[in-house]
Amino acid sequence: MPIDAAGLTQDDVASMSLHEEFDAYRQRYHHMQGLLADVQRSVNAGPWRWIGGDRVPGIGGDGLKPLPGADTLNSYDLRTDRNWSPPNATGDQQDLRPMLEYFDEQGWRHYEGHPGRDHDTWAKTDDGWQIEYIVRPDGNYSLTVFSELFWTNDDLALMEAVGGRSDGVYPDESLPGEYPPFPDWDDPIVNPPKI
């Protein structure tokens, strides 16, 4: 039976309540934010711009690693993105060096690609998370952290449980490690789903 990014099968998750899935998602979200902060600091300890919100589970089905039987209702992933613009940045390939050195320090395998005039590198952590860093000629540098797929009993119910307790407000920018608090299960529904 296929296992997800947490090492769980669909049968394992089938025995979980929505509350238990919410708590597991909450832990994964905090893990993602901690990973993001560490990676950010390797190139810039100053402010980073947000690219929308990142609290609600992503739609499953597709993923970085095939998960046989996964579809949009029984799986999800997590993803977060930030941008920054170094002074006088030109998108030179050398600007990847601090990130590559960080990946090496962590012992993570990494790769470089060259989509058009951009330069990018990506790595996979020991626990299955992916990190991509892109430097562009316009001086806009972006960092993305995303997971492999996790099983769920109902992706829409989990999205509503998380999104309903979230105010949907995100900063324009923040320092590494700064992000809006994740809700607790006992928090009220403040953002009911719109049907």
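### Strands, a helix and a pocket

In strand 9, Phe150 is the bridge partner of Tyr76. Helices (H or I, at least four residues) and strands (E, at least two) are DSSP runs, numbered from the N terminus. Before going on, note that this is a predicted model, where local features need pLDDT of at least 70, side-chain atom pairs count only at pLDDT 80 or more, and totals for chains, interfaces and linings use all residues. Residues are numbered from 1 along each chain as its sequence is written, and side-chain values use heavy atoms, with hydrogens and water left out.

Back to strand 9: it belongs to an open sheet of 3 strands with the order 2-3-9 and antiparallel pairing. Strand 2 (58-59) and strand 9 (150-151) are at the edges with a single partner strand each, so one side of each has no neighbour in the sheet. Two strands count as paired if DSSP finds at least two bridges between them.

Now look at strand 8 (141-146). Here 6 of its 6 residues are buried, so strand 8 is largely enclosed by the rest of the structure. Buried means under 20% relative accessible area, exposed means over 50%, and partly exposed is in between (1.4 Å probe, protein chains only). In a regular strand the side chains alternate between the two faces of the sheet. On one side of strand 8 sit Tyr141, Leu143 and Val145, on the other Ser142, Thr144 and Phe146, and all are buried.

Here are some antiparallel pairings:

| Strand pair | Bridges |
|---|---|
| Strand 3 (residues 75-77) and strand 9 | 2 bridges |
| Strand 4 (residues 79-84) and strand 8 | 6 bridges |
| Strand 7 and strand 8 | 5 bridges |

Across from Tyr141 in strand 8 stands Trp84, while Glu132 is opposite Thr144. The hairpin of strand 7 and strand 8 has 5 residues between the strands, and Gly139 takes a positive phi near 85° there.

Which residues of helix 3 (residues 97-106) are buried? They are Met99, Leu100, Tyr102 and Phe103. These cover an arc of only 160° around the axis (taken from the directions from the helix axis to the C-beta atoms), which puts them on the same side of helix 3. Right after helix 3 comes Gly107, with a positive phi near 75°.

Over in helix 2 (residues 18-41) you'll find Gly34, which counts as partly exposed at 34% relative accessibility. Gly34 and Asp62 are 28 residues apart in sequence and 25 Å apart in space, C-alpha to C-alpha.

Key
Contact = heavy atoms within 4.5 Å.
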